[in-house]
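Trainee: Please take me slowly through one part of this structure, and then show me how its surroundings are put together.

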Amino acid sequence: MGSQFAVSTALAGADFATFPDYPAEIRAPVGTTFGVSAYQINLGVGPITTPGDAPEVLVAFNPAALKVSLPMLDKGALVIVNNDTFTARNLAKVGYDNDPREDGTLNDYQVVMADISHLNLEAVKEFGLSKSEGGRCKNFYALGMLLWMFDRELTPIEAWIQRRLAGTPTMRDANIKALHAGHAFAETAELSANLSQIDLPQAEMEPGEYRSITGAEALALGLAAAGELADRSVMFCSYPITPASPLLHRLTQLAEMGVGTFQAEDEIAAICAAIGASYGGMIGVTSSSGPGIALKTEAMGLAVSAELPLVIVNWQRGGPSTGLPTKTEQSDLYQAVYGRNGDTPIPVLSASTSGECFNMAIEATRIALRHMTPVILLADGYLSNAAEPWRIPDLSTIEPIAVNPVPDTDESPQRRAFTRDSKSHGRAWVTPGMPDLMHRIGGLEKDIESGHISYDPANHQRMTTLRAAKVDAVADFIGDQAIEQGPDSGDLVVVGWGSTYGPIYQATRRTGVSFVHLRHLNPLPRNLGEILGRFDKVLVPEMNDGQLTTLLRDALCLEPVPFGKVTGQPFLIRELVDKIEAVRGEAS
Amino acid sequence: MNDKLTPKDFATSQEVRWCPGCGDYAILKSVQKALADVGADPANTAFVSGIGCASRFPYYVETYGFHTIHGRAPAIATGLKLANPDLDVWVVTGDGDSLSIGGNHLMHALRRNVGLKILLFNNEIYGLTKGQYSPTSRVGTKSPSSPKGSVDTPVSPGQVALGCGAHFFARGVDTDKVGMSDVLQQAHAFVGTSFIEIFQNCIVYNEDVFANFTERKTAANTQLHVKHGEPMLFGENNGKGIRFNQETWSLEVIDATASPDDVLVHDEANAIVARMLIDLHMPVAMGVIYRQPAVSFEHTFYAHHPTRMQRTKSIADFIKGPSSWTVE
């Protein structure tokens with residue numbers, strides 16, 4: 001025990017603080033005596049500044065540590081649980097009636113469970129240590145996991161162990177091994193941590209009832225709410241992928257809202273089953289990350305051609321190919337807006353914050369049903385797991401979602417199924433099982449009037465124009481773009497989209513420049529060109545190599561200043577402030 | 001209830017656009033007849049297909065129809081069945097569509113036992129793309145993409161099906177109205193995935209590839225029509241039979257009149273014999289080769305869903321989460 005405390009206390013000392021740019025702070029337990037084997041490290045990980053000094057990460061090596069330390073954490077904190085010690089006996093010993101891992105105790109936190117004791121002992125087996133000696137290495141095993149999750153270098157810690165344990169070579173090597181093993185475990189399991197990067201000062205929070213929410217939770221609730229608003233069941237079909245899986249997990253908890261989840265055999269089957277569900281009259285939804293979205297591309301075209309509603313959620317991560325599964329990027333914007341064969345336009349939305357995933361899920365469903373089209377909702381790995389305080393919306397203010405009615409005419413069923421609304425161009429949602437409306441749909445081009453297969457050249461021209469007009473018509477329903485903050489005109493406006501909202505908001509507030517944040521990326525709001533035209537320069541920070549910059553150049557003939565960052569790390573406010581000042585300097 | 005519908009009631013106004021003489025015409029007629037015979041409700045029936053000649057099928061059946069993308073029909077049909085388990089859902093596919101590009105979805109539909117009737121039109125060739133060899137083509141098949149003969153070992157649809165855990169596998173010949181009628185009706189009555197391999201003659205790119213066992217004149221000697229509980233007899237006057245040779249662990253043809261007691265009785269629930277029947281080259285086994293009743297996927301899906309997909313709670317019940325606080 002004594003030596004374990006010694007290690008942790010030493011870690012809290014000067015040595016650790018000298019690690020360059022290392023934001024972790026490790027503290028010894030605060031005035032608590034644990035059971036015989038109880039031991040705890042709390043790591044507070046910056047650059048977060050939360051009111052109070054609540055740690056954002058808890059490694060609970062046993063139930064006692066969890067019980068004592070959990071109340072110290074803010075909601076949304078990361079809790080790493082050592083499964084091996086959560087035995088019935090240990091739980092009873094500290095007065096847990098139920099297993100806190102299963103009874104909802106940890107609902108407000110990001111939880112990673114791992115058999116740390118066991119995995120650590122396996123890792124250091126080769127050193128022939130006693131069980132207790134080997135067990136001590138688990139601190140570094142857990143630290144290795146954290147270093148991966150927070151994208152920190154192993155080297156400084158390794159050097160520290162080298163120095164600190166120079167006198168006991170076996171323990172030194174075992175601890176280094178444990179550190180690396182924990183790091184490798186987290187990498188293999190694709191663990192990631194996405195703690196809130198920005199906490200708005202308390203003063204800015206509007207009055208109301210709040211809860212803590214992650215993007216995955218909010219999106220799940222939004223989809224379920226959309227089902228209720230449209231009075232349709234929701235069928236969510238997906239294939240597990242990092243970092244999209246939390247949405248699947250969350251939706252399984254919402255069954256009582258008429259939500260079904262289907263784990264398909266692959267990404268293609270997932271979107272196809274969702275299309276099948278939409279064809280059958282439920283709200284079909286699929287979700288993935290970039291590589292999986294790429295596989296779904298052909299089926300998106302089918303939904304466009306068949307004019308079926310569908311919601312496609314993309315939790316973006318770093319690419320190309322497998323890329324950086326646990327790192328956040330916004331690099332699938334081209335894929336969403338342009339990435340299909342044929343002229344195949346699809347509306348594209350994005351969520352800016354975890355809480356906003358709720359609204360955008362409803363908005364995506366609303367557009368899908370109104371225009372009878374697939375809709376892509378861009379979120380990202382950061383939003384998936386990041387918890388933030390969210391003002392619970394007044395549900396009575398949310399408009400119901402209308403379902404396009406079947407025209408009451410005596411025309412042929414084929415024609416009636418493809419009768420389109422004059423404003424939205426959305427067709428009637430005719431589904432198998434409806435009497436006397438049997439008709440055929442598919443991926444072949446069809447006659448704009450009769451809905452039958454047509455290879456007529458002029459008709460294909462008209463249908464292509466119609467599909468473009470339909471997506472363009474979305475802009476007639478979404479309202480004007482607002483300026484988030486700052487003056488209506490001036491030398492510089494910063495334009496953002498997605499999860500960079502927080503840092504851009506802070507940076508523009510500090511510098512007093514104007515900030516426009518996009519939620520609708522295709523089509524863009526009608527007044528966007530007019531707004532941006534009032535500024536001398538447009539700066540576009542984004543976590544990619546300039547994709548929104550291209551989009552604005554393409555759609556609005558602007559020449560924005562791109563500011564891309566693809567390190568897998570979110571923007572720092574300081575970086576943005578520096579860039580804003582640099583661009584302003586050039587402008588003046 | 002409407003008056004009983006006739007096969008013609010299941011024909012659409014669309015001009016059928018297969019090549020003259022294509023085996024698909026006969027299959028279409030058999031399916032339309034089977035729909036009438038089983039009293040199918042057109043509004044409650046949907047045909048889902050992938051891509052290929054066979055996949056044009058839904059345009060010609062007066063029910064709901066969805067001509068989808070290459071290989072994905074089982075996945076789309078699975079979603080449809082989950083959304084509306086009461087629908088009568090048929091999947092029409094070809095050897096390339098289901099066993100090449102869509103092999104994965106076929107496999108998973110079969111092992112899940114989704115309530116689909118999957119009609120595999122096997123002509124051992126790619127028709128729509130102009131005659132390349134397919135995954136069921138025999139070794140040495142000369143085609144535009146294999147001018148010196150294909151080198152791939154063909155896949156056996158029946159063995160694939162049983163290997164994937166299929167619960168119903170049957171076979172028919174496109175032009176055999178009687179056999180097809182029987183097989184289609186049994187497939188329709190089955191709960192779960194009924195998978196039918198239909199030997200279909202592609203008159204343009206692979207003509208008569210099955211002629212050695214589909215010729216009417218010789219069919220009695222080249223086809224074995226199995227029926228559950230009945231002896232495996234074939235040939236003129238059912239003079240031949242199938243015996244299980246216990247020394248070689250294989251099926252063999254015997255003189256049924258000489259040793260009637262040795263003739264194997266078809267047990268459709270016996271997967272081992274079914275696999276032997278699938279591999280039998282002469283005669284070729286037809287009819288319901290394997291059937292093992294099981295619960296369908298959609299049934300289990302709904303049974304396990306806490307509210308059978310009904311909305312019993314509102315978003316208001318969930319939106320506050322485990323805890324909330326008020327900011328004044």
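Mentor: Helix 21 of chain A, residues 547–556 in this predicted model, lies across strand 15, strand 18 and strand 19 of chain A, and its direction makes about 140° with that of strand 18. The strands beneath helix 21 belong to an open sheet of 4 strands in chain A, which follow one another in the order 16-15-18-19 and pair in the parallel sense. Strand 16 (514–518) and strand 19 (561–564) of chain A are the edges of this sheet, and each has a single partner strand, so one side of each is left without a neighbour in the sheet. If you follow the sheet across, the twist from one strand to the next averages 25°.

A second helix of chain A also packs on this sheet: helix 19 (residues 501–511) touches strand 15, strand 16 and strand 18 (535–542), and its direction makes about 165° with that of strand 16 of chain A. The pairing of strand 15 (residues 490–497) of chain A with strand 16 of chain A is parallel and rests on 5 bridges. To place yourself within that pair, look for A:Gly496, whose bridge partner in strand 16 of chain A is A:His517.

It is worth setting beside this a sheet built from both chains. An open sheet of 3 strands runs in the order 13(A)-6(A)-12(B), and its pairing is antiparallel. Its edge strands are strand 13 (387–391) of chain A and strand 12 (324–327) of chain B, each of which pairs on one side only, while the twist averages 35° from one strand to the next. Helix 10 (residues 215–230) of chain A packs on this sheet, where it touches strand 6 and strand 13 of chain A and makes about 110° with the direction of strand 6. The link between the chains is made by strand 6 (residues 208–214) of chain A and strand 12 of chain B, which run antiparallel and are joined by 4 bridges. Within this pair, A:Gly208 stands opposite B:Val327, and A:Tyr210 has B:Trp325 as its bridge partner.

That shared sheet leads to the wider meeting of the chains, in which 58 residues of chain A are in contact with 51 residues of chain B. On the side of chain A that touches chain B, the elements giving two or more residues include strand 6, helix 10, helix 12 and helix 13 of chain A. Helix 12 of chain A gives the most to that side, with 9 residues. By class, the residues of this side of chain A divide into 34 nonpolar, 14 polar and 10 charged. For the complex as a whole, the predictor gives an ipTM of 0.97 and a pTM of 0.89.

Helix 12 (residues 267–279) of chain A also packs against helix 13 (residues 290–306) of chain A, at an angle of about 30° and with the axes 8 Å apart. Angles under 35 degrees count as roughly parallel, and helix 12 and helix 13 of chain A are therefore described in that way. In this contact, helix 12 of chain A contributes residues including A:Ile268, A:Ile271 and A:Ile275, and helix 13 of chain A contributes residues including A:Leu295, A:Ala299 and A:Leu302. The contact has 8 nonpolar, 1 polar and 2 charged residues, and the crossing of helix 12 and helix 13 of chain A is right-handed.

Another helix pair in chain A shows the opposite sense of direction. Helix 8 (residues 155–164) and helix 9 (residues 169–188) of chain A pack at about 165°, with their axes 9 Å apart. Helix 8 and helix 9 of chain A are therefore roughly antiparallel to each other, and their crossing is right-handed. Here A:Ile157, A:Glu158, A:Ile161 and A:Gln162 of helix 8 of chain A meet A:Arg172, A:Asn175, A:Ile176 and A:Leu179 of helix 9 of chain A, which by class gives 4 nonpolar, 2 polar and 2 charged residues.

Finally, turn to chain B, whose pLDDT averages 96, with 99% of the residues scoring at least 70. There, strand 9 (residues 240–245) and strand 10 (residues 250–255) of chain B run antiparallel and are joined by 6 bridges. Strand 9 and strand 10 of chain B form a hairpin with 4 residues between them, and B:Trp249 in the turn has a positive phi of about 55°. B:Asn245 has B:Ser250, in strand 10 of chain B, as its bridge partner.

Definitions and conventions. Residues numbered from 1 in each chain as written. Chains lettered and ligands numbered in written order. Predicted model: local features only at pLDDT ≥ 70, side-chain atom pairs only at ≥ 80, totals over all residues. Axes fitted to C-alpha atoms, helices over the stretch in contact; angles between N-to-C directions. Parallel < 35°, antiparallel > 145°, perpendicular 65-115°, else oblique. Left-handed = near helix turned anticlockwise from the far one by under 90°. Contact = placed C-beta atoms within 7 Å. Nonpolar A, V, L, I, M, F, W, Y, C, P; charged D, E, K, R; others polar. pLDDT = per-residue confidence, 0-100. Pairing = 2+ DSSP bridges.
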